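Subject: Structure handover and findings

Hello,

Here is the structure you asked about, with notes on what was found in it below. Please read the notes with the structure open.

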Amino acid sequence: MFNLLRESLRAGIVTTSYPATPAAVSPHTRGRPEIDWSGWRDVRPAAAVCPTGAISHVDHDGRRTVQFDLGKCIFCGLCAEADTSIRMTNICECAARSRGDLITEAGYTLKPDGAHDRMISPPSSRTLPLDDVAREIQARTRKLLGRSLHIREVDAGSCNGCEVEIVNLNSPVYDLERFGIHFVASPRHADMLLVTGPVTRNMELALKKTYDAMPAPRLVVAVGACGCSGGIFGENYATRGAVDAILPVDVYIPGCPPNPHALLHGILLAIDRLPERT
Amino acid sequence: MTTEFNIVAGLQRPLAEVRKMFRDRIGTVHAPRPNELYVDIPLDLAAGFCAHLHRKWSARLVSVFADDVRDAMNTAFPFPGVDGLASFPPGGSGAPAVPPNGGTTERTGDDAKPRGVAAGVPHRGVFHLYYVYALDQRHGFIIARAAVPADKPEFPSLTDAVHGVNWQEREIQDLFGLKLLGHPNPRRCALHDDWPEVFPLRKDFDLRTKLPPFQGPRHKFREVEGEGVFQVPVGPVHAGIIEPGHFLFSVAGEPVLYLQLRMFYVHKGTEKLFESLPVAHGVRLAESISGDSSFAHATAFCHAVERAAEIEPPPRARALRTLCLELERIYNHLGDIGAICTDVAFVTAHMHALRLKERVMRLNEHLTGNRLLRGMACLGGVRFDFDESQLEQLAQLVATLQPEFAALVELIRDSSGTRDRLETTGVLTPDVARDLGIVGLAGRASGVDRDLRRDFPHAFYEQLRFDIPVLTAGDVQSRLALRREEIFQSFAIINQVAAGMPDGPIRTAVGDIPPDRTALGYVEGWRGEIFHWVRTAPGNRLARCKVKDPSLQNWPALTEAILGNIVPDFPVVNKSFNLSYSGTDR
Ligand code: SF4
């Protein structure tokens, strides 16, 4: 007993003050890539090395549309090695309320050699229209569930990397419970479904049933590149890809896997509890 | 006839014996690498060959898999070395003086064609079955290959003799449509019962096929009957933050009589996907086979491709790989020790363990950019070097973690309630473990003294001194204690590597990877042995990538260990094995 106390006292307080203060991550951490859109001269080398198709382009009529999909990105940094217009940042908190917010597109004129020339439409995220009713329901759900939140986690096909990090939210360092947020054992007790993907054909039914067992109002958060987009697996004979192919998703948390800061950020975003930082 | 094989000394006698014993029944023999010997056998010899290797040489059947070569582009023997023989001539005087990656194929006299039944016969119209045997004490692999004619797509089961191949064989049946003969339970496994009849790993099946909603029957579990016997279904979605799988307990009162497992809920078509990706992208996919073993899987994959391409990563790269493998071992073992404690209500210990694990994961991120060491692996070496200050931080971490971990160990040792719950719980006896071919830490906690780091040294391990802890009680406590001892060994390994860090480059250029080569890559991950086997294709692609995670081998350990235990102890018993569902299902 004495040892138990001594150890706890010796360890002291290890809990991070995030999100009140910025995430303390190493400068070596690979977070989201940052692209110099206006200076970008050729997307092809980066697209060729990108393992998930996060960087892609469509050529049409002497014009090239370049797309960067943060929802597919696994933050591997290979594009930045191949292309000086891309730089890896150590920013990992990228959660968004709409899938479209994770997609950036820009248009260029095309040169005969296949490189691009002048940027003719500046980078913009692809806004997917959300109708007013849906918007209002989302806002009310967030308000209703804002105080204390019960989360049911469902692995619908992940490689378990996301689970490794989700488990860490319960560690004394991230201590999810300080926000009144708990992981619960049953979907019937849950307000939020935290889903990792890609959703496999063999898990599709179980995922739907879990969702159906939850009381309304309820939130769904898609975790990781695979949950957001299908990731490196995409859609194939055995997977349905993104979580939103099966369930309506309220928040998307990119990353492979998202680190605990990124997860916290996404969960708090879903319930409107991110503090304003100046 | 002269036969000069550049093979490790340990394989020479088994090879001679096998040829004496089976004579003309053996086809081409080929050794693309000194510890990787291929032998062509007829399908009906599979069982006899297996029995001989097992009885005479204590060989373990570590993997069984199939390959669809019905339309393989090459009609020649699809092994390297036949054409490339000139560059790697067999050693003249019998001394193994051939370069480490040099390959040799047997020749008969001046005839340049491989000998035996397969000689000159094109492989059109057949599937291949591969049986990978590890001869641990002899430090070599023997890989038997048998052809299954496409017009008679069936193969004999070895499950009755080697229990460990049960699921592997059924997976072949599901994914290739080769019918299993004589299997005790030949039902669907990788593709669940409600799937339509498709054979995804056949080459004429498109990866992106969109299958209609499943209409087939649901799985029927075996009925267990008797007075007072009832069944408790659990899953696939579990109460905790763990992966999905279905467990059906048959219990009489509290004790478990029988446990049925149903897996493959997270089958993602990974092996098929490898065939559609450039090899370099395959490294990233390998990182996503089992997230907690990202680096080990990616390294096993790189190892296979590097062996196929006959390149060797530079010493510094191998040292860095070793460091990362040990960091992966430490953070996972720490997490598991904590989780085992929490499952018997010693939450304080769990919190301390998570705290220490977090420090390791943060260092992972500082060293490699990612907390799970993702992005670090690459073909020919590693992507990032550790500079002086990073190495210093690594040394610091080990120095501070060591006493803190020792204190945690003390804490757990002091807690008699915890010990009471862990000792004699979930016992896997050494006999059963050996019989089931249990590998990795679960095996070593039950007296199975095997570790690829020692028996088949890869990365940098041949240059290090370390112990392989082995315990024999086989209970949850042993698996916890084994992790504890392995963490201390890992600390020592890291210190050794860091102290003698070789200079130089961290990557060997890979260049173009020759097609039609086969190679086995292997790594002892924290959970156990990981195998990747590749057959290369033109254009730096793979025609096949077989992945074998130790979890696939070890699930039967859980069904054995839980017998006679009470259902409430299931979580802690399960956690003590901590198998990867994704690694199993792929
Ligand atoms: S960092 Fe993202 S965009 Fe860049 S190559 Fe990797 S997955 Fe593709």
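Between domain 1 of chain A and domain 2 of chain A, 4 residue pairs are in polar contact, counting pairs with both residues at pLDDT 80 or more. The model is a predicted one, and the values here are computed from it. By class, the side of domain 1 of chain A that touches domain 2 of chain A has 10 nonpolar, 3 polar and 4 charged residues. The rule finds 0 salt bridges across this interface of domain 1 and domain 2 of chain A.

For orientation, domain 1 of chain A covers 33–125 and domain 2 of chain A covers 132–270. Their C-alpha centres lie 27 Å apart. In terms of contacts, 17 residues of domain 1 of chain A meet 20 residues of domain 2 of chain A. The two domains of chain A bury about 1,500 Å² between them, with 63% of it on carbon and sulfur atoms.

Next, the domains of chain B.

The assignment for chain B gives domain 1 (9–152), domain 2 (229–262) and domain 3, which is made of two segments, 270–377 and 388–580. Of domain 1 of chain B, 27 residues are in contact with 23 residues of domain 3 of chain B. Domain 1 and domain 3 of chain B bury about 2,300 Å² between them, and carbon and sulfur atoms account for 52% of it.

How many salt bridges does the rule find across the interface of domain 1 and domain 3 of chain B? There are 4. In chain B, a salt bridge also joins B:Arg60 and B:Glu529, with the closest N and O atoms 3.0 Å apart. Polar contacts between domain 1 and domain 3 of chain B come to 14 residue pairs, both residues at pLDDT 80 or more.

On the domain 1 side of that interface in chain B, the elements giving two or more residues are strand E2 (36–40), strand E3 (60–68), strand E5 (126–135) and strand E6 (140–149). E3(B) gives the most, with 7 residues. By class, this side of domain 1 of chain B, where it touches domain 3, has 15 nonpolar, 6 polar and 6 charged residues.

Now the interface between the two chains.

Here 71 residues of chain B are in contact with 67 residues of chain A. The area buried between chain B and chain A is about 5,400 Å², and carbon and sulfur atoms give 58% of it. The rule finds 3 salt bridges across the interface of chain B and chain A. A:Glu165 forms a salt bridge with B:Arg371, and the closest N and O atoms of this pair are 2.5 Å apart. Polar contacts across the interface of chain B and chain A number 34 residue pairs, with both residues at pLDDT 80 or more.

Which helices of chain B each supply at least two residues of the side that touches chain A? They are helix H4 (270–274), helix H5 (279–287), helix H8 (347–368) and helix H9 (388–414). The largest share of that side of chain B comes from H8(B), with 12 residues. The residues of the side of chain B that touches chain A divide into 32 nonpolar, 21 polar and 18 charged.

Two residues of chain B are worth setting out one by one.

B:Arg321 lies in helix H7 of chain B, residues 315–343. Is B:Arg321 buried or exposed? B:Arg321 counts as buried because its relative accessibility is 5%, and the cut-off for buried is under 20%. The side chains of B:Arg321 and B:Glu306 are joined by a polar contact of 2.6 Å. Leaving aside residues up to four places away in sequence, B:Arg321 touches a list of residues that includes B:Phe295, B:Thr299, B:Cys302, B:Glu306 and B:Pro313. Also among them are B:Cys378, B:Gly380, B:Gly381, B:Val382 and B:Ala459.

B:His52 is found in helix H2 of chain B, residues 46–57. At 8% relative accessibility, B:His52 counts as buried. Not counting residues up to four places away in sequence, B:His52 touches B:Glu17, B:Val18, B:Met21, B:Phe22 and B:Trp57. B:Glu17 is 35 residues from B:His52 along the chain, and their C-alpha atoms are separated by 9.7 Å.

Regards

Notes: Residues numbered from 1 in each chain as written. Chains lettered and ligands numbered in written order. Predicted model: local features only at pLDDT ≥ 70, side-chain atom pairs only at ≥ 80, totals over all residues. Heavy atoms only, no water. Contact = heavy atoms within 4.5 Å. Buried area = accessible area lost by both parts, 1.4 Å probe. Salt bridge = Lys/Arg side-chain N within 4 Å of Asp/Glu carboxyl O. Polar contact = N/O pair within 3.5 Å; in protein donor to acceptor, adjacent residues only side chain to side chain. Helix = DSSP H or I, 4+ residues; strand = E, 2+ residues; numbered from the N terminus. Nonpolar A, V, L, I, M, F, W, Y, C, P; charged D, E, K, R; others polar. Domains from an automatic or database assignment. Buried < 20%, exposed > 50% of the residue type's maximum accessible area, 1.4 Å probe, protein only.
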